[in-house]
Amino acid sequence: MNVAEIRKDFPILGREVRGKRLVYLDNAATSQKPRCVIDAIREYYETYNANVHRAIHYLGEYATAAYEEVRAKVARFINAPSERTIVWVKNTSEAINLVAYAWGRKFVGEGDEIVTSVMEHHSNLVPWQQLAKARGARLRFFRMTPDGKLDLSDLDQLFNERTKLVAITHASNVLGTINPVAEIARKAHEVGAVVLVDGAQSAPHLPVDVQALDCDFFAFSAHKMCGPMGVGVLYGKEELLEAMDPFLFGGEMIGSVSLEESTWNEIPWKFEAGTPNVADVIGFGAAIDYLQSIGMEAIQAHERELVAYAMDALEELDGMVIYGPRDERAGLIAFNYREIHPHDLSTILDQEGVAIRAGHHCAEPLARWLDVPATARASFYIYNTREDVDALVRALLRAKEFFSHVPR
Ligand code: C6P
């Protein structure tokens, strides 16, 4: 991977922040966008803007073909068996809510169990809390190992004939843990449970093959993988999508409508009411082409190398506490440093041009499990370099100096 060349593709990386070189280490929140994505969106609006699936005119047909081509591209990207299994949503959160409503309210009942974990982002926890409340179901949780992995030793008790759903993140946005979702899916299927994988932090960073994982649903967001905001994907197995009722009602998702009754469109359009976000789907297509021109294996290898370098560098610092496993992890590191509140740390780092995230990262139960009010988090992507890590370390030392009166 030629990171110096890749950096040239991202206009924003050329700018300064507070008079310093921008060191963008908040990629788990959202990634930056390469010029080809920005251009694809501009080209759509400048040359073939039209509504899709409706118009019988040149622009409408052209836009529809381009839009549907991206669906097929996404299917290939995650090795889904067909584009019928790819539903457009606006982000991972909406994808999970869609399953909670359209599948959950129909198939989860009184006394059923939903298994999830303490490391989930709120988007993969709150919809299940709401579903459990509405349907009289019970939430259960994987046990955790002290270093922040799922403890799979008691799966035979955790999964049973009442387990209807296992909803688990592929990669944690705080711990960096990569969960063995294929193994979990195999075990869950033995008791007839459905498996939803939150892929928000995996699809941008490693090769994903939904057939090899054998998950039933897989959710992810374009904006974390060089694509625009406002587009996400729900992959679902065909038989499940067929069995579900629609989520939203209105134009485009219908088969035929009379004054009293309606029938539904085929999947995936059954779940896509109203005019979709065509421009950003087109931009997402450009993002997938871009990532594939680099190669997902190469991206994963680059982040592994960078995170190992960063772990070594951070561990050298006196008063550093790093959360999550030491072995295989996603390209992010959450930490606390010298008892400086992560918000203060983030403010000082920002003065040095270094953008990190601080807080509970929308995973409040996990912060409680870690027994901290907040953590600081540096998260990496294709354009980050060892120089970025060095800048992070220098900025942390600046913060240490600034807060030298604080006992560690
Ligand atoms: N995490 C972070 O800074 P949306 O916002 O719907 O695109 O993605 C939600 C989401 C779901 N699952 C996981 C594991 C995530 O990390 C996220 C988004 C960002 O960590 C923003 S809170």
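**A. Cys362 is partly exposed, with 25% relative accessible area.** Accessibility is classed as buried under 20% relative accessible area, exposed over 50% and partly exposed in between, using a 1.4 Å probe and protein chains only. The model is predicted: local features need pLDDT of at least 70, side-chain atom pairs count only at pLDDT 80 or more, and totals for chains, interfaces and linings use all residues. Residues are numbered from 1 along each chain as its sequence is written, and side-chain values use heavy atoms, with hydrogens and water left out. Cys215, at 1% relative accessibility, falls in the buried class. With a disulfide taken as a pair of cysteine sulfur atoms within 2.5 Å, the count of disulfides in the model is zero.

**B. Lys237 sits in a loop and touches Cys215 among other residues.** The loop holding Lys237 runs between β12 (232-236) and α9 (238-243); helices (H or I, at least four residues) and strands (E, at least two) are DSSP runs numbered from the N terminus. Lys237 is buried, at 17% relative accessibility. Residues up to four places away in sequence set aside, Lys237 contacts His189, Asp214, Cys215 and Asp216, where contact means heavy atoms within 4.5 Å.

**C. Asp214 has a positive phi although it is not a glycine.** The phi of Asp214 is about 55°. Asp214 belongs to the loop between α8 (210-213) and β11 (217-221). With a relative accessible area of 34%, Asp214 is partly exposed. Asp214 is also one of the residues touched by Lys237.

**D. Helices α2 and α3 are roughly antiparallel to each other.** Helix α2 covers residues 35-48 and helix α3 covers residues 58-77; they pack at an angle of about 160° with their axes 11 Å apart. Axes are lines fitted to C-alpha atoms, for helices over the stretch in contact, and angles run from 0 to 180 degrees between N-to-C directions. Angles under 35 degrees count as roughly parallel, over 145 as roughly antiparallel, 65 to 115 as roughly perpendicular and the rest as oblique. The α2 and α3 crossing is right-handed; left-handed means that the near helix is turned anticlockwise from the far one by less than a right angle, and right-handed means clockwise. On the α2 side the contact involves Tyr44, Thr47 and Tyr48, and on the α3 side Leu59, Tyr62, Ala63 and Ala66. By class, the residues of this contact are six nonpolar, one polar and no charged. Nonpolar here covers Ala, Val, Leu, Ile, Met, Phe, Trp, Tyr, Cys and Pro, charged covers Asp, Glu, Lys and Arg, and the others, Gly among them, are polar.

**E. Ala55 lies in the loop between α2 and α3, and Thr64 lies in helix α3.** Ala55 is partly exposed, at 23% relative accessibility. Apart from its neighbours within four places in sequence, Ala55 is in contact with Gly60 and Glu61. Thr64 is buried, at 16% relative accessibility. Not counting residues up to four places away in sequence, the contacts of Thr64 are Asn51, Val52 and His53.

**F. Helices α3 and α10 are oblique to each other.** Their axes cross at roughly 40° and come within 9 Å, with α10 spanning residues 278-294. The crossing of α3 and α10 is left-handed. From α3, the contact takes in Ala66, Tyr67, Val70, Lys73, Val74 and Phe77; from α10, Val278, Val281, Ile282, Phe284, Gly285, Ile288, Asp289 and Gln292. These residues divide into 10 nonpolar, two polar and two charged. Ala66 of α3 also takes part in the contact with α2.

**G. A cis peptide bond joins Ile267 and Pro268.** Omega at this bond is about 0°. Pro268 is placed in the loop between β14 (262-264) and α10.

**H. Ala374 is buried in a loop and contacts Asn336.** The loop of Ala374 connects α13 (364-370) with β19 (375-379). The relative accessible area of Ala374 is 4%. Ala374 and Asn336 are 38 residues apart in sequence, with a C-alpha to C-alpha distance of 8.2 Å. Beyond its neighbours within four places in sequence, Ala374 contacts Asn336, His341, Pro342 and Gly359.

**I. Glu339 has a positive phi although it is not a glycine.** Phi at Glu339 is about 55°. Glu339 is part of the loop between β16 (332-337) and α12 (342-351). At 59% relative accessibility, Glu339 is exposed.
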